[in-house]
Amino acid sequence: MEIDGELCSRCEPMFSTLENLTNLKYRHGSQGYRHYKRRELMESASKGCKLCKILWSETRSSWRDGNDQQLLFRAHSDYFVTHEQSGYDMHPFFNAGKDLFINLSLLSANDGHERYITTFILITAADNSAAKYIEARPIPNDLSDRQTQSQIQTWLRDCQENHQCSEEMAVPKLPTRVLDLSNSKSQPRLHISATNERSHYACLSYCWGGPQEVLTTKANLHEYAKRLPVDRLPKTLQDAISVSKTLGLRFLWIDALCIIQNSDEDKAVEINKMGSIYRDATVTIFAASASRVGDGFLQHRSSDEGGVLLPFYVSDSSQGTVTLLLQESPYTPNEPLDSRAWVVQETLLSRRRLIYGTKELLWKCQEDDYQTVTVSPRSYDMLVTSLPGDIFSPIQDSLVKRQKETDIPRAQSWSIIVKNFTSRGMTNREDRLPAIGGVAAELQKLWKDEYIIGTWRSTLAKHLMWYRLKSHPSASLPRPVEYRSPT
Ligand SMILES: [Zn+2]
Ligand SMILES: [Zn+2]
(Lines give C-alpha, C1' and ligand atoms only; values in the text may rest on other atoms or scores of the structure.)
(Ligands and ions follow the chains in the order given, each with its own letter.)
Protein backbone atom coordinates (compact mmCIF):
# COMPACT_ATOMS: atom_id res chain seq x y z
CA MET A 1 0.00 0.00 0.00
CA GLU A 2 1.32 3.43 -0.87
CA ILE A 3 1.39 6.33 1.50
CA ASP A 4 -0.09 9.57 0.23
CA GLY A 5 2.66 11.85 -0.94
CA GLU A 6 0.70 14.76 0.44
CA LEU A 7 1.49 14.60 4.13
CA CYS A 8 3.26 17.32 6.08
CA SER A 9 6.17 16.84 8.47
CA ARG A 10 3.85 16.84 11.52
CA CYS A 11 1.26 14.36 10.20
CA GLU A 12 3.56 11.88 8.48
CA PRO A 13 5.58 10.79 11.55
CA MET A 14 2.68 10.75 14.04
CA PHE A 15 2.51 6.93 14.17
CA SER A 16 5.80 6.06 12.48
CA THR A 17 8.36 6.41 15.26
CA LEU A 18 8.62 4.63 18.60
CA GLU A 19 9.00 7.93 20.41
CA ASN A 20 5.86 9.45 18.89
CA LEU A 21 3.77 6.34 19.58
CA THR A 22 4.97 6.35 23.19
CA ASN A 23 3.97 9.98 23.57
CA LEU A 24 0.61 9.35 21.93
CA LYS A 25 -0.42 6.59 24.32
CA TYR A 26 -2.54 8.08 27.06
CA ARG A 27 -1.43 7.41 30.59
CA HIS A 28 -0.67 9.51 33.63
CA GLY A 29 1.78 12.26 32.70
CA SER A 30 1.70 11.46 28.99
CA GLN A 31 2.69 14.25 26.66
CA GLY A 32 0.36 13.34 23.84
CA TYR A 33 1.43 14.11 20.30
CA ARG A 34 1.85 17.86 19.76
CA HIS A 35 0.60 18.99 16.40
CA TYR A 36 0.19 22.50 14.92
CA LYS A 37 -0.95 25.85 16.17
CA ARG A 38 -3.69 27.64 14.25
CA ARG A 39 -1.60 29.54 11.69
CA GLU A 40 0.67 26.52 11.02
CA LEU A 41 -2.36 24.28 10.45
CA MET A 42 -3.92 26.74 8.01
CA GLU A 43 -0.68 26.97 6.05
CA SER A 44 -0.17 23.22 5.96
CA ALA A 45 -3.78 22.63 4.86
CA SER A 46 -3.42 25.18 2.08
CA LYS A 47 -0.17 23.52 0.94
CA GLY A 48 -2.17 20.31 0.51
CA CYS A 49 -1.52 18.02 3.52
CA LYS A 50 -4.47 15.63 3.37
CA LEU A 51 -4.78 15.19 7.14
CA CYS A 52 -4.27 18.90 7.92
CA LYS A 53 -7.18 19.68 5.58
CA ILE A 54 -9.44 17.41 7.65
CA LEU A 55 -8.08 18.85 10.90
CA TRP A 56 -8.68 22.39 9.70
CA SER A 57 -12.26 21.72 8.70
CA GLU A 58 -12.90 20.00 12.05
CA THR A 59 -11.33 22.75 14.17
CA ARG A 60 -11.80 26.03 12.29
CA SER A 61 -14.69 27.18 14.47
CA SER A 62 -13.09 25.98 17.72
CA TRP A 63 -9.92 28.05 17.97
CA ARG A 64 -10.09 30.83 20.53
CA ASP A 65 -8.46 34.20 20.18
CA GLY A 66 -4.78 34.29 21.00
CA ASN A 67 -2.04 32.14 19.65
CA ASP A 68 -1.29 29.90 22.57
CA GLN A 69 -3.47 26.96 21.51
CA GLN A 70 -2.04 23.85 19.89
CA LEU A 71 -3.60 20.63 18.52
CA LEU A 72 -2.96 17.59 20.70
CA PHE A 73 -3.50 13.92 19.79
CA ARG A 74 -3.89 11.19 22.39
CA ALA A 75 -4.48 7.47 21.94
CA HIS A 76 -6.90 5.79 24.35
CA SER A 77 -7.74 2.17 24.98
CA ASP A 78 -9.23 0.28 27.90
CA TYR A 79 -6.71 -2.48 27.22
CA PHE A 80 -3.42 -0.62 27.19
CA VAL A 81 -1.07 -2.45 29.50
CA THR A 82 2.09 -1.28 31.16
CA HIS A 83 5.44 -2.40 29.82
CA GLU A 84 5.85 -4.71 32.80
CA GLN A 85 2.57 -6.50 31.98
CA SER A 86 3.35 -6.84 28.29
CA GLY A 87 6.46 -8.88 29.01
CA TYR A 88 8.65 -9.20 25.97
CA ASP A 89 6.51 -6.99 23.67
CA MET A 90 7.48 -3.40 24.28
CA HIS A 91 5.34 -1.91 21.51
CA PRO A 92 3.37 1.07 22.90
CA PHE A 93 0.14 -0.17 21.25
CA PHE A 94 0.48 -3.76 22.47
CA ASN A 95 -2.95 -5.20 23.37
CA ALA A 96 -4.75 -1.96 22.41
CA GLY A 97 -7.85 -3.90 21.27
CA LYS A 98 -10.50 -2.94 18.76
CA ASP A 99 -11.70 -0.01 20.84
CA LEU A 100 -8.51 1.96 20.38
CA PHE A 101 -9.36 5.54 19.58
CA ILE A 102 -7.44 8.76 19.03
CA ASN A 103 -8.76 11.93 20.64
CA LEU A 104 -7.99 15.33 19.21
CA SER A 105 -8.09 18.31 21.55
CA LEU A 106 -6.94 21.91 21.72
CA LEU A 107 -4.31 22.47 24.36
CA SER A 108 -3.79 25.90 25.87
CA ALA A 109 -0.12 26.63 26.64
CA ASN A 110 -1.13 29.27 29.19
CA ASP A 111 -3.14 27.18 31.63
CA GLY A 112 -2.69 23.62 30.27
CA HIS A 113 -6.43 23.39 29.67
CA GLU A 114 -7.46 20.78 27.10
CA ARG A 115 -10.63 21.17 25.08
CA TYR A 116 -11.94 18.04 23.33
CA ILE A 117 -12.59 18.43 19.58
CA THR A 118 -13.20 15.04 17.97
CA THR A 119 -12.26 11.36 17.83
CA PHE A 120 -10.54 9.26 15.18
CA ILE A 121 -10.29 5.49 14.78
CA LEU A 122 -7.47 3.44 13.25
CA ILE A 123 -8.01 0.50 10.90
CA THR A 124 -5.67 -1.71 8.90
CA ALA A 125 -5.97 -4.77 6.67
CA ALA A 126 -5.35 -8.23 8.13
CA ASP A 127 -2.24 -8.77 5.98
CA ASN A 128 -0.63 -5.46 6.98
CA SER A 129 2.23 -5.73 9.47
CA ALA A 130 0.47 -3.08 11.60
CA ALA A 131 -2.37 -5.60 12.07
CA LYS A 132 -0.46 -7.06 15.03
CA TYR A 133 -1.28 -3.91 17.01
CA ILE A 134 -4.34 -2.48 15.26
CA GLU A 135 -7.33 -4.81 15.52
CA ALA A 136 -10.00 -2.90 13.57
CA ARG A 137 -10.37 -3.97 9.92
CA PRO A 138 -11.87 -2.55 6.74
CA ILE A 139 -14.56 -4.56 4.98
CA PRO A 140 -13.10 -7.35 2.76
CA ASN A 141 -13.12 -6.65 -1.00
CA ASP A 142 -14.81 -9.95 -1.64
CA LEU A 143 -17.73 -10.90 0.60
CA SER A 144 -18.03 -14.34 -0.97
CA ASP A 145 -14.71 -15.45 0.56
CA ARG A 146 -14.75 -18.49 2.81
CA GLN A 147 -14.31 -16.60 6.04
CA THR A 148 -17.31 -14.37 5.38
CA GLN A 149 -19.36 -17.35 4.22
CA SER A 150 -18.65 -19.18 7.43
CA GLN A 151 -19.51 -16.06 9.46
CA ILE A 152 -22.98 -15.66 7.95
CA GLN A 153 -23.62 -19.39 8.40
CA THR A 154 -22.64 -19.06 12.06
CA TRP A 155 -24.96 -16.08 12.59
CA LEU A 156 -27.95 -17.94 11.16
CA ARG A 157 -27.18 -21.23 12.90
CA ASP A 158 -26.63 -19.49 16.21
CA CYS A 159 -29.92 -17.67 15.89
CA GLN A 160 -31.87 -20.77 14.88
CA GLU A 161 -30.34 -22.94 17.61
CA ASN A 162 -29.98 -20.55 20.52
CA HIS A 163 -32.44 -17.68 20.09
CA GLN A 164 -36.18 -17.41 20.30
CA CYS A 165 -36.30 -15.38 17.08
CA SER A 166 -38.56 -17.85 15.34
CA GLU A 167 -39.56 -20.15 18.15
CA GLU A 168 -43.30 -19.82 17.75
CA MET A 169 -43.21 -19.93 14.01
CA ALA A 170 -43.65 -23.28 12.36
CA VAL A 171 -41.91 -23.72 9.03
CA PRO A 172 -43.33 -20.77 7.02
CA LYS A 173 -45.81 -20.99 4.20
CA LEU A 174 -44.05 -20.45 0.89
CA PRO A 175 -45.01 -17.42 -1.22
CA THR A 176 -46.95 -18.14 -4.45
CA ARG A 177 -43.71 -18.47 -6.42
CA VAL A 178 -40.08 -18.75 -5.31
CA LEU A 179 -36.77 -19.49 -6.98
CA ASP A 180 -35.79 -23.12 -6.39
CA LEU A 181 -32.02 -23.36 -6.02
CA SER A 182 -31.93 -27.02 -5.02
CA ASN A 183 -30.08 -28.47 -7.98
CA SER A 184 -26.64 -26.93 -8.06
CA LYS A 185 -25.71 -28.73 -11.32
CA SER A 186 -28.57 -27.43 -13.39
CA GLN A 187 -30.13 -23.97 -13.53
CA PRO A 188 -32.32 -22.65 -10.78
CA ARG A 189 -35.97 -22.59 -11.72
CA LEU A 190 -39.16 -20.87 -10.70
CA HIS A 191 -41.08 -23.02 -8.23
CA ILE A 192 -44.87 -22.67 -8.21
CA SER A 193 -45.81 -23.45 -4.63
CA ALA A 194 -48.63 -25.82 -3.80
CA THR A 195 -51.41 -24.50 -1.54
CA ASN A 196 -50.08 -24.39 2.00
CA GLU A 197 -46.66 -25.70 0.98
CA ARG A 198 -44.18 -24.90 3.73
CA SER A 199 -40.42 -24.37 3.67
CA HIS A 200 -37.71 -21.96 4.77
CA TYR A 201 -36.84 -19.25 2.26
CA ALA A 202 -34.83 -16.04 1.85
CA CYS A 203 -36.08 -12.69 0.57
CA LEU A 204 -34.14 -10.08 -1.36
CA SER A 205 -34.43 -6.32 -0.78
CA TYR A 206 -32.65 -4.36 -3.51
CA CYS A 207 -32.75 -1.40 -5.92
CA TRP A 208 -33.88 -1.99 -9.49
CA GLY A 209 -32.26 1.29 -10.52
CA GLY A 210 -33.91 1.14 -13.95
CA PRO A 211 -35.68 -1.48 -16.04
CA GLN A 212 -34.65 -5.13 -15.70
CA GLU A 213 -34.01 -7.35 -18.67
CA VAL A 214 -35.08 -10.64 -17.12
CA LEU A 215 -38.63 -10.51 -15.76
CA THR A 216 -41.26 -13.16 -15.29
CA THR A 217 -44.18 -12.55 -17.64
CA LYS A 218 -47.31 -14.47 -18.65
CA ALA A 219 -45.41 -15.61 -21.76
CA ASN A 220 -42.26 -17.03 -20.09
CA LEU A 221 -43.80 -18.32 -16.83
CA HIS A 222 -43.84 -21.95 -18.03
CA GLU A 223 -40.35 -21.75 -19.45
CA TYR A 224 -38.99 -20.21 -16.22
CA ALA A 225 -40.73 -22.93 -14.20
CA LYS A 226 -38.41 -25.39 -15.99
CA ARG A 227 -35.29 -23.26 -15.79
CA LEU A 228 -34.34 -19.64 -15.27
CA PRO A 229 -31.86 -17.95 -17.62
CA VAL A 230 -29.27 -17.72 -14.84
CA ASP A 231 -26.48 -16.41 -17.08
CA ARG A 232 -28.62 -13.46 -18.06
CA LEU A 233 -29.63 -12.61 -14.51
CA PRO A 234 -28.24 -9.28 -13.27
CA LYS A 235 -25.36 -9.45 -10.79
CA THR A 236 -27.37 -8.48 -7.70
CA LEU A 237 -29.78 -11.39 -8.27
CA GLN A 238 -26.89 -13.79 -8.91
CA ASP A 239 -25.25 -12.64 -5.68
CA ALA A 240 -28.51 -13.20 -3.79
CA ILE A 241 -28.69 -16.75 -5.17
CA SER A 242 -25.15 -17.37 -4.01
CA VAL A 243 -25.86 -16.05 -0.47
CA SER A 244 -29.04 -18.14 -0.18
CA LYS A 245 -27.10 -21.27 -1.13
CA THR A 246 -24.37 -20.42 1.37
CA LEU A 247 -27.04 -20.17 4.06
CA GLY A 248 -28.43 -23.53 3.02
CA LEU A 249 -31.76 -22.02 1.94
CA ARG A 250 -33.27 -23.77 -1.04
CA PHE A 251 -35.88 -21.13 -1.85
CA LEU A 252 -35.48 -17.42 -2.59
CA TRP A 253 -38.11 -14.75 -3.22
CA ILE A 254 -37.27 -11.89 -5.64
CA ASP A 255 -40.03 -9.55 -6.84
CA ALA A 256 -38.93 -9.33 -10.50
CA LEU A 257 -39.08 -13.10 -10.92
CA CYS A 258 -41.76 -14.15 -8.44
CA ILE A 259 -44.45 -11.66 -9.49
CA ILE A 260 -45.80 -11.82 -13.06
CA GLN A 261 -44.64 -8.39 -14.15
CA ASN A 262 -47.12 -7.87 -17.00
CA SER A 263 -50.17 -8.97 -15.04
CA ASP A 264 -52.02 -6.29 -13.08
CA GLU A 265 -54.09 -8.95 -11.34
CA ASP A 266 -51.03 -10.86 -10.14
CA LYS A 267 -49.27 -7.66 -9.08
CA ALA A 268 -52.28 -6.58 -7.02
CA VAL A 269 -52.50 -9.97 -5.28
CA GLU A 270 -48.77 -10.30 -4.60
CA ILE A 271 -48.14 -6.69 -3.51
CA ASN A 272 -50.90 -7.18 -0.99
CA LYS A 273 -49.01 -10.20 0.40
CA MET A 274 -45.65 -8.43 0.49
CA GLY A 275 -45.75 -7.73 4.23
CA SER A 276 -46.21 -11.38 5.15
CA ILE A 277 -43.70 -12.54 2.52
CA TYR A 278 -40.96 -10.54 4.28
CA ARG A 279 -42.25 -11.27 7.78
CA ASP A 280 -42.19 -15.03 7.28
CA ALA A 281 -38.85 -15.24 5.46
CA THR A 282 -36.09 -16.98 7.37
CA VAL A 283 -33.73 -14.16 6.43
CA THR A 284 -33.84 -11.04 4.24
CA ILE A 285 -30.76 -10.24 2.18
CA PHE A 286 -30.35 -6.45 1.77
CA ALA A 287 -28.27 -5.47 -1.26
CA ALA A 288 -27.69 -2.10 0.42
CA SER A 289 -24.55 -1.00 -1.45
CA ALA A 290 -25.92 -1.62 -4.96
CA SER A 291 -27.72 1.29 -6.62
CA ARG A 292 -28.61 -0.75 -9.71
CA VAL A 293 -29.58 -4.38 -10.11
CA GLY A 294 -26.55 -4.90 -12.36
CA ASP A 295 -24.09 -3.77 -9.67
CA GLY A 296 -24.04 -6.80 -7.38
CA PHE A 297 -23.08 -6.54 -3.73
CA LEU A 298 -20.48 -9.22 -3.04
CA GLN A 299 -17.44 -8.06 -5.02
CA HIS A 300 -15.52 -5.05 -6.30
CA ARG A 301 -16.38 -2.80 -3.44
CA SER A 302 -14.15 0.20 -2.99
CA SER A 303 -11.93 -0.27 0.03
CA ASP A 304 -11.50 3.49 0.25
CA GLU A 305 -12.90 4.43 3.62
CA GLY A 306 -12.27 8.11 3.01
CA GLY A 307 -9.61 8.38 5.71
CA VAL A 308 -5.89 9.18 5.56
CA LEU A 309 -3.26 6.50 5.15
CA LEU A 310 -0.27 6.92 7.48
CA PRO A 311 2.92 4.93 8.11
CA PHE A 312 2.90 2.95 11.37
CA TYR A 313 5.88 1.82 13.48
CA VAL A 314 5.91 -1.94 14.05
CA SER A 315 9.57 -2.54 14.95
CA ASP A 316 12.93 -1.02 14.14
CA SER A 317 13.09 -3.17 11.04
CA SER A 318 9.45 -3.19 9.97
CA GLN A 319 6.82 -0.58 9.18
CA GLY A 320 3.14 -0.97 8.36
CA THR A 321 0.34 1.42 7.49
CA VAL A 322 -2.87 2.49 9.19
CA THR A 323 -5.90 4.44 8.01
CA LEU A 324 -6.95 7.27 10.29
CA LEU A 325 -10.71 7.86 10.09
CA LEU A 326 -13.01 10.35 11.73
CA GLN A 327 -15.26 8.43 14.08
CA GLU A 328 -18.94 8.95 13.43
CA SER A 329 -20.54 7.82 16.64
CA PRO A 330 -22.91 6.24 16.31
CA TYR A 331 -22.45 5.55 12.62
CA THR A 332 -25.55 5.76 10.41
CA PRO A 333 -24.97 4.23 6.99
CA ASN A 334 -26.46 6.07 4.05
CA GLU A 335 -26.69 3.42 1.35
CA PRO A 336 -28.27 3.53 -2.12
CA LEU A 337 -30.93 1.12 -0.87
CA ASP A 338 -31.92 3.54 1.91
CA SER A 339 -33.39 5.96 -0.62
CA ARG A 340 -36.09 3.48 -1.56
CA ALA A 341 -39.39 3.79 0.33
CA TRP A 342 -40.26 0.08 0.17
CA VAL A 343 -37.16 -0.74 2.18
CA VAL A 344 -38.78 0.65 5.36
CA GLN A 345 -41.40 -2.08 5.33
CA GLU A 346 -38.96 -4.72 4.13
CA THR A 347 -36.61 -3.86 7.00
CA LEU A 348 -39.23 -3.54 9.74
CA LEU A 349 -40.89 -6.81 8.83
CA SER A 350 -37.72 -8.90 8.48
CA ARG A 351 -37.00 -11.06 11.48
CA ARG A 352 -33.41 -11.56 10.36
CA ARG A 353 -31.52 -8.99 8.33
CA LEU A 354 -28.29 -9.56 6.45
CA ILE A 355 -27.24 -6.12 5.25
CA TYR A 356 -24.51 -5.91 2.60
CA GLY A 357 -23.45 -2.27 3.03
CA THR A 358 -20.65 -0.21 1.55
CA LYS A 359 -18.49 -0.25 4.67
CA GLU A 360 -19.82 -3.24 6.54
CA LEU A 361 -21.74 -6.48 6.38
CA LEU A 362 -24.24 -6.41 9.22
CA TRP A 363 -26.42 -9.05 10.84
CA LYS A 364 -29.46 -8.24 12.93
CA CYS A 365 -32.03 -10.61 14.36
CA GLN A 366 -34.65 -10.11 17.05
CA GLU A 367 -32.24 -10.97 19.86
CA ASP A 368 -28.90 -9.82 18.46
CA ASP A 369 -28.09 -6.18 18.08
CA TYR A 370 -26.08 -5.31 14.96
CA GLN A 371 -23.18 -7.72 14.43
CA THR A 372 -20.37 -6.79 12.05
CA VAL A 373 -18.35 -9.07 9.81
CA THR A 374 -15.20 -7.03 10.35
CA VAL A 375 -13.65 -6.29 13.70
CA SER A 376 -15.18 -2.85 13.96
CA PRO A 377 -14.94 -0.06 16.50
CA ARG A 378 -18.12 1.52 15.11
CA SER A 379 -21.44 1.44 16.86
CA TYR A 380 -24.42 1.47 14.53
CA ASP A 381 -27.55 3.53 14.56
CA MET A 382 -29.69 2.52 11.63
CA LEU A 383 -32.22 4.80 10.00
CA VAL A 384 -34.93 2.20 10.22
CA THR A 385 -35.56 1.08 13.77
CA SER A 386 -37.35 -2.03 14.94
CA LEU A 387 -40.97 -2.87 15.44
CA PRO A 388 -41.93 -4.52 18.71
CA GLY A 389 -40.55 -8.05 18.45
CA ASP A 390 -44.05 -9.30 19.24
CA ILE A 391 -45.09 -9.21 15.60
CA PHE A 392 -42.85 -12.22 15.08
CA SER A 393 -44.27 -14.20 17.98
CA PRO A 394 -48.05 -14.54 18.01
CA ILE A 395 -48.30 -15.34 21.71
CA GLN A 396 -51.42 -13.99 23.40
CA ASP A 397 -49.47 -12.95 26.49
CA SER A 398 -47.30 -10.52 24.63
CA LEU A 399 -50.32 -8.98 22.94
CA VAL A 400 -51.89 -8.37 26.32
CA LYS A 401 -48.63 -6.89 27.59
CA ARG A 402 -48.42 -4.54 24.62
CA GLN A 403 -52.00 -3.40 25.07
CA LYS A 404 -51.04 -1.74 28.33
CA GLU A 405 -48.94 0.78 26.42
CA THR A 406 -50.30 4.29 26.43
CA ASP A 407 -51.13 5.96 23.15
CA ILE A 408 -48.21 8.34 23.28
CA PRO A 409 -45.38 5.90 22.54
CA ARG A 410 -47.65 4.27 19.97
CA ALA A 411 -48.22 7.59 18.20
CA GLN A 412 -44.52 8.32 18.46
CA SER A 413 -43.40 5.03 17.02
CA TRP A 414 -45.85 5.38 14.14
CA SER A 415 -44.74 8.93 13.40
CA ILE A 416 -41.09 7.81 13.33
CA ILE A 417 -42.01 5.15 10.78
CA VAL A 418 -44.00 7.63 8.67
CA LYS A 419 -41.30 10.29 8.83
CA ASN A 420 -38.70 7.73 7.82
CA PHE A 421 -40.91 6.47 5.04
CA THR A 422 -41.89 9.82 3.54
CA SER A 423 -38.26 10.92 3.27
CA ARG A 424 -37.57 8.21 0.70
CA GLY A 425 -38.06 7.91 -3.03
CA MET A 426 -40.80 6.03 -4.77
CA THR A 427 -41.04 5.31 -8.47
CA ASN A 428 -44.82 5.00 -8.53
CA ARG A 429 -46.83 7.37 -6.36
CA GLU A 430 -49.69 4.89 -6.24
CA ASP A 431 -47.34 2.50 -4.39
CA ARG A 432 -47.30 4.77 -1.34
CA LEU A 433 -49.98 3.03 0.70
CA PRO A 434 -49.06 -0.55 -0.24
CA ALA A 435 -45.40 0.17 0.55
CA ILE A 436 -46.21 0.67 4.22
CA GLY A 437 -49.45 -1.33 4.31
CA GLY A 438 -47.73 -4.52 5.47
CA VAL A 439 -46.31 -2.76 8.52
CA ALA A 440 -49.72 -1.23 9.26
CA ALA A 441 -51.40 -4.63 8.96
CA GLU A 442 -48.99 -6.17 11.47
CA LEU A 443 -49.34 -3.28 13.90
CA GLN A 444 -53.11 -3.41 13.57
CA LYS A 445 -53.05 -6.97 14.96
CA LEU A 446 -50.54 -6.06 17.63
CA TRP A 447 -52.11 -2.83 18.79
CA LYS A 448 -55.70 -4.01 18.32
CA ASP A 449 -56.27 -0.62 16.74
CA GLU A 450 -57.77 0.42 13.45
CA TYR A 451 -55.54 1.72 10.66
CA ILE A 452 -57.33 4.52 8.80
CA ILE A 453 -55.76 5.97 5.67
CA GLY A 454 -52.31 6.42 7.10
CA THR A 455 -53.11 6.91 10.76
CA TRP A 456 -54.67 5.14 13.78
CA ARG A 457 -58.11 5.52 15.29
CA SER A 458 -56.84 5.75 18.87
CA THR A 459 -54.33 8.46 18.05
CA LEU A 460 -56.33 10.25 15.36
CA ALA A 461 -56.67 13.43 17.39
CA LYS A 462 -52.92 13.79 17.75
CA HIS A 463 -52.25 13.14 14.09
CA LEU A 464 -54.93 15.56 12.97
CA MET A 465 -53.30 18.23 15.09
CA TRP A 466 -50.30 18.00 12.82
CA TYR A 467 -52.36 19.28 9.93
CA ARG A 468 -52.96 22.45 11.87
CA LEU A 469 -49.32 22.71 12.84
CA LYS A 470 -48.36 22.29 9.22
CA SER A 471 -49.31 25.87 8.39
CA HIS A 472 -46.91 27.11 11.03
CA PRO A 473 -43.58 27.90 9.33
CA SER A 474 -41.49 26.30 12.06
CA ALA A 475 -43.54 23.11 12.26
CA SER A 476 -41.41 20.16 11.29
CA LEU A 477 -43.58 17.38 12.64
CA PRO A 478 -44.25 14.61 10.18
CA ARG A 479 -47.72 14.32 8.77
CA PRO A 480 -49.47 11.07 7.95
CA VAL A 481 -49.04 9.42 4.58
CA GLU A 482 -51.27 11.05 2.04
CA TYR A 483 -54.12 8.88 0.97
CA ARG A 484 -54.23 8.13 -2.73
CA SER A 485 -57.62 6.75 -3.51
CA PRO A 486 -57.49 3.89 -6.01
CA THR A 487 -59.34 4.71 -9.24
ZN1 LIG B 1 -0.43 17.64 8.05
ZN1 LIG C 1 -31.79 -14.44 16.67
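## Two open sheets and a kinked helix

Ile 121 has Leu 325 of strand E11 as its bridge partner. The two strands involved are E4 (residues 114–123) and E11 (residues 318–326), which pair in the antiparallel sense over 4 bridges. Strands count as paired if DSSP finds at least two bridges between them. Helices (H or I, at least four residues) and strands (E, at least two) are DSSP runs, numbered from the N terminus.

This is a predicted model, in which local features need pLDDT of at least 70, side-chain atom pairs count only at pLDDT 80 or more, and totals for chains, interfaces and linings use all residues. Residues are numbered from 1 along each chain as its sequence is written, while chains are lettered from A and ligands numbered from 1 in the order in which they are written.

**Overview and confidence**

The protein holds 14 helices and 16 strands. Of its 487 residues, 37% are buried. Buried means that 20 or more other C-beta atoms lie within 10 Å of the residue's own; exposed means 12 or fewer, and partly exposed is in between, with C-beta atoms placed from the backbone. Among contacts with a separation of 6 or more, 72% join residues 24 or more positions apart. A contact requires C-beta atoms, placed from the backbone, within 7 Å.

The mean pLDDT is 82, and 79% of residues reach 70 or more. pLDDT is the predictor's confidence in each residue, from 0 to 100. Confidence is highest in strand E8 (residues 251–253), at a mean of 98, and lowest in helix H11 (residues 396–403), at 41. Two stretches deserve caution. Over residues 394–407 pLDDT stays under 50, and the model has 13 contacts beyond four places in sequence there. Residues 465–487 also stay under 50, with 30 such contacts.

**The antiparallel sheet**

E4 and E11 belong to an open sheet of 6 strands, ordered E1-E2-E3-E4-E11-E10, with antiparallel pairing. Strand E1 (33–37) and strand E10 (308–315) stand at the edges with a single partner strand each, so one side of each has no neighbour in the sheet. From one strand to the next, the twist averages 35°. Helix H2 (residues 38–47) packs on this sheet, touching E1 and strand E2 (69–76), and its direction makes about 80° with that of E1. Such angles run from 0 to 180 degrees between N-to-C directions; axes are lines fitted to C-alpha atoms, for helices over the stretch in contact.

At the E10 edge, E10 and E11 pair in the antiparallel sense over 7 bridges. A hairpin joins them through 2 residues. Val 308 stands opposite Leu 324 in E11.

**The mixed sheet**

A second open sheet has 8 strands in the order E6-E5-E8-E7-E9-E12-E13-E14, and its pairing is mixed. E6 and strand E14 (371–372) are the edge strands, each pairing on one side only. E7 and E8 run parallel, joined by 3 bridges. Ala 202 stands opposite Leu 252 in E8. Helix H7 (residues 235–246) packs on the sheet, touching strand E5 (177–180), E7, E8 and E9; its direction makes about 140° with that of E8.

**Helix H9 and Ala 281**

H9 has 17 residues and reaches 24 Å from its first C-alpha to its last, close to the 24 Å expected at 1.5 Å a residue. The expected span is 1.5 Å times one less than the number of residues. H9 has a kink of about 45°, centred on Met 274. The bend at a residue is the angle between axes fitted to the seven residues ending there and the seven starting there. Met 274 is also one of the buried residues of H9, which include Tyr 278 and Asp 280.

Ala 281 lies in the loop between H9 (264–280) and strand E9 (283–286). Ala 281 is buried because 26 other C-beta atoms lie within 10 Å. Beyond four places in sequence, Ala 281 is in contact with Tyr 201, Ala 202, Cys 203, Trp 253 and Ser 350. The C-alpha atoms of Ala 281 and Pro 172 are 7.3 Å apart, although 109 residues separate the two along the chain.

**Two positive phi values**

Most residues other than glycine have a negative phi. Asn 95 has a positive value, and so does Asn 196.

| Residue | Phi | Loop | C-beta atoms within 10 Å |
|---|---|---|---|
| Asn 95 | near 65° | between H4 (83–86) and E3 (101–108) | 15 others, partly exposed |
| Asn 196 | about 65° | between E6 (189–192) and E7 (201–205) | 7 others, exposed |

Conventions: Two residues are in contact if their C-beta atoms, placed from the backbone, lie within 7 Å.
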